[in-house]
Amino acid sequence: MQEYLQGLNEKQREAVLHKDGPIMIVAGAGSGKTKVLTTRITHLMAAHQVDAFNILALTFTNKAAHEMKERVERVLGNGEARNLYIGTFHSVFARILRFEADKIGYPRHFTIYDTDDAKSVLKAVIHDLHLDDKQYKPNLVYNRISSAKNALIGPEAYKADYAIQQEDVRANRPAIGQIYDNYVKRCFRNGAMDFDDLLLKFYELLRTIPECLSRYQHKFKYILIDEYQDTNPAQYEIIKLLGALHENVCVVGDDAQSIYSFRGATIQNILQFQKNYDNVTVVKLEQNYRSTRSILEVANEVISHNKGQIEKVLFTENPEGEKIKIVRTLTDNDEGKFIADSIQEQKLRHHFANKEFAILYRTNAQSRAFEESLRRMAIPYTIYGGISFYQRKEVKDMVAYLRLIVNPRDEEALKRIINYPTRGIGKTSLDKLLLLSNEKDCSTWAILLQAREYGFRAGTLMVLENFVTMVKSFASMLEKSNAYDVAFYVGKQTGLVKELFNDKSTEGIQRYENIQELLNSIKEWTESPDNEEGELVDKSLGAYLQQITLLTDADEKDVDADTVKLMTIHAAKGLEFSCVFAAGLEELLFPNAMAINTREELEEERRLFYVVITRAKQKLWITYANTRYRFGQLVQNEPSRFLAEIPPAALDKSFAGTKTISGNPLRAGWGGYGPGSSRESKPERTTGNGLSEKPSYLAPKPTVNKTGEHVPTPGFAPSDMSELEAGQRVEHMKFGYGEVIKVEGSAHNPIATVRFENNGEKKIMLNYARLRIVSP
DNA sequence: CGCAAAGCTTATCTG
DNA sequence: AAGCTTTGCG
């Protein structure tokens, strides 16, 4: 038997050895599914001589894809793994779409719009339709359109669907269909795809171009999909098409961990897999290698409250381990303190490293209290889920230039930098350009190219043409130089780098460093060997730009760094930690208020709870707070209903003090952690009852205008400023009389310094201020 | 035009 | 409480 099969249990081996035909691997939490997937790929290549070029593996994160490739390479050691097609749905499809773009009318280097870009387009569309963006909030509209796309419903189908229309009308947003329509057209005009388009357009490619369907059906003889429970209908249909020829589709998933329905994922994909394919082999991996028996028992019990799952019972041969600890605190800050204290204590007593701890929560907003408490204890930590490096303003600015060079139709990029750094193309000119591009239904860039014909003022026309010339010169440089050289030159030539360099504030220096880091990243990209991209090798700037939009900060941050990890439960999917703190187990927070209206929603929240429990290898704390701040206001929360689903026998009853909670509907015996038990609690904030907000002995603030109101002389009329010079006496509407000290500034923006009798020295911009010359 | 202050909104999860 | 947008002003 091959060496790589040795470490597998019977079920795992069965999953690996199955060669042809559809197979569903139901892999419980911690049952070694990554190992099975990689070994399966290895086995296909080593034992069955399947060519790496014929294997497609779709994962949930870029990082998982990387790891898988590495593991296969480690076993095979012949460099073949580089030819595997492994990546996320989005990155793999983006790569193929780049290759086939012309067939569906897109430029090869189409831009991928991230959520911010997409929302910005939506804003413009909503504005152009003269709709109220209070009623049509871009965020909401975006989600609605995203759901439609993930269900493969285009604008026409959207408008024709009675149920959808009823929903929109009832929500008083009847025009979403129209917005959707315009949005799609606008994105196409911009040569851009949003995240959902990467799936939708790939699907359309397969559906409408028979030669493409055939090519990729033949190419991908073996298809493997990780985290199948979180795929949506678009992904489902794509796989069905791609796999139709060989039917060698291997899906791995756990219905109990399906937590992405908000992204259009439907648990039906995994529940129905057996009905959708003939002769499906089903293998269940039920032995858990990750957690202690105590932890697994709690997980099993909790998930049993859900209906309609694939039947399975997870077991483990691991030791029983410690019991679970449930901890109540008075406030969210106390919760933070408790967790930081506990981490410190565990480190001292049991010699855990920082990186063995994770604090997991339902919403990103909860991270603040933990950050503060960890910082106070000097415990290093990493937060996941903030804005990624490539979302920072200065980075996006620079990237916008590069985007425009590669794809001049990219209107979002153009809007961002056409007047940054300032070059005299103001709002008026830009609005006119955008209006024209809407009228002619062509890209803003096309209007710019013919600016001469649209009656701009001479000066404006000149700056517009200079801008066009500059961008064109960058683009032509791209033909001869590599991406890094072009980017470096752009930074220098536009003055962007210089502007950041001159800003010596702390943030300014940081921004400058970020740009340097961006340049480094481009350099690394251009120089790295061609082993990451399968057979469609593309080291162009365009390929780089598409790739960075698909990176998440989980891909950018180093998991091995010795820091405590803070993230949402969603982000923790697929990860494991020795010690886990599941925080904020409160009604309305977890389960979240947004998800308690239907059984389906509530069951998904419960699966989320299941996921957080099963992240823990050795120790698990579950915490909740009586009160926490929301929108700057203190709110009270009941303990989460999920706590009552935990079997009492699994709990550590002696834990954290002896206080019982009076009036708590849950079992007594859990500790309290609040001002009484923590070292330094802030006194309770006095909440606004309208009384004694301010001590009465304090004098009221003076209400008199500090500047002292000046009453202008009757018939006040500003004088002609062109002749103003030092020494003249002037009158100002508000500041009264004064003497001109000096006149400076450029010709089109002169600034006078005036010493006023009652208001001291002021700088006055003569273009805007109203001054009357009293005497020469 | 560009800045600062005031005002308003917001926070479920994400590639 | 914090971030983003609008406003008011020189």
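# A guided tour of chain A

Begin with the whole of chain A, coloured by secondary structure, which comes to 28 helices and 23 strands, where helices (H or I, at least four residues) and strands (E, at least two) are DSSP runs numbered from the N terminus. This is a predicted model, in which local features need pLDDT of at least 70 and side-chain atom pairs count only at pLDDT 80 or more, while totals for chains, interfaces and linings use all residues. Residues are numbered from 1 along each chain as its sequence is written, chains are lettered from A and ligands numbered from 1 in the order in which they are written, and side-chain values use heavy atoms, with hydrogens and water left out.

Before zooming in, colour the chain by accessibility: of the 776 residues of chain A, 51% count as buried, a class that means under 20% relative accessible area, with exposed over 50% and partly exposed in between (1.4 Å probe, protein chains only). If contacts (heavy atoms within 4.5 Å) are taken between residues at least 6 apart in sequence, 73% of them join residues at least 24 apart.

**Stop 1: Phe195 and helix α10**

Select Phe195, whose place is in helix α10 (residues 195–208). Leaving aside its neighbours within four places in sequence, Phe195 is in contact with His90, Ile112, Tyr113, Asp114, Thr115, Tyr142, Thr549 and Leu550. For a distance to check in the viewer, take the C-alpha atoms of Phe195 and Phe99, which are separated by 17 Å and belong to residues 96 apart along the chain.

Now add helix α6 (residues 138–150), which packs with α10 at an angle of about 25°, their axes being 9 Å apart; such axes are lines fitted to C-alpha atoms, for helices over the stretch in contact, and the angles run from 0 to 180 degrees between N-to-C directions. The two helices α6 and α10 are therefore roughly parallel to each other, on a scale where angles under 35 degrees count as roughly parallel, over 145 as roughly antiparallel, 65 to 115 as roughly perpendicular and the rest as oblique. The crossing of α6 and α10 is left-handed, meaning that the near helix is turned anticlockwise from the far one by less than a right angle, whereas clockwise would be right-handed. To display the contact, show Tyr142, Ser146, Lys149 and Asn150 of α6 together with Phe195, Asp196, Asp197, Leu199 and Leu200 of α10. These residues divide into 4 nonpolar, 2 polar and 3 charged, where Ala, Val, Leu, Ile, Met, Phe, Trp, Tyr, Cys and Pro count as nonpolar, Asp, Glu, Lys and Arg as charged, and the others, Gly among them, as polar.

**Stop 2: helices α22, α23 and α25**

Move to helix α22 (residues 458–480) and α23, whose axes come within 10 Å and cross at roughly 160°, which makes α22 roughly antiparallel to α23. In this pair α22 passes α23 in a right-handed crossing. The residues to show are Met470, Phe474, Met477 and Leu478 of α22, with Asp485, Val486, Tyr489, Val490, Gln493 and Thr494 of α23; by class, this contact has 7 nonpolar, 2 polar and 1 charged residues.

Keep α23 (residues 483–494) selected and add helix α25 (residues 506–527): their axes come within 8 Å and cross at roughly 160°, so that α23 is roughly antiparallel to α25. This contact is made by Ala483, Tyr484, Ala487 and Phe488 of α23 and by Leu519, Ile522, Lys523 and Thr526 of α25, with 6 nonpolar, 1 polar and 1 charged residues.

**Stop 3: salt bridges**

With a salt bridge taken as a side-chain nitrogen of Lys or Arg within 4 Å of a carboxyl oxygen of Asp or Glu, the count comes to 46 salt bridges. Select Lys33 and Glu227, which form one with the closest N and O atoms 3.3 Å apart. This pair links distant parts of the chain, 194 residues apart, with Lys33 in helix α2 (residues 33–48) and Glu227 in the loop between β6 (222–225) and α12 (233–243). Lys33 is buried, and so is Glu227.

Next select Asp255 and Lys312, whose side chains meet in a salt bridge (2.9 Å, N to O). Asp255 lies in the loop between β7 (249–253) and α13 (268–271) and Lys312 in the loop between α15 (293–303) and β10 (315–316), so the pair ties together parts that are 57 residues apart in sequence. Both Asp255 and Lys312 are buried.

Finish with Glu372 and Arg368, joined by a salt bridge (3.3 Å, N to O). Both residues lie in helix α17 (residues 367–376), 4 residues apart, about one turn of the helix. Glu372 is partly exposed, with a relative accessible area of 29%, and Arg368 is exposed, with a relative accessible area of 55%. As a last selection, show Lys33, Asp226, Glu227, Asp230 and Lys573, which salt bridges that share partners join into one network.
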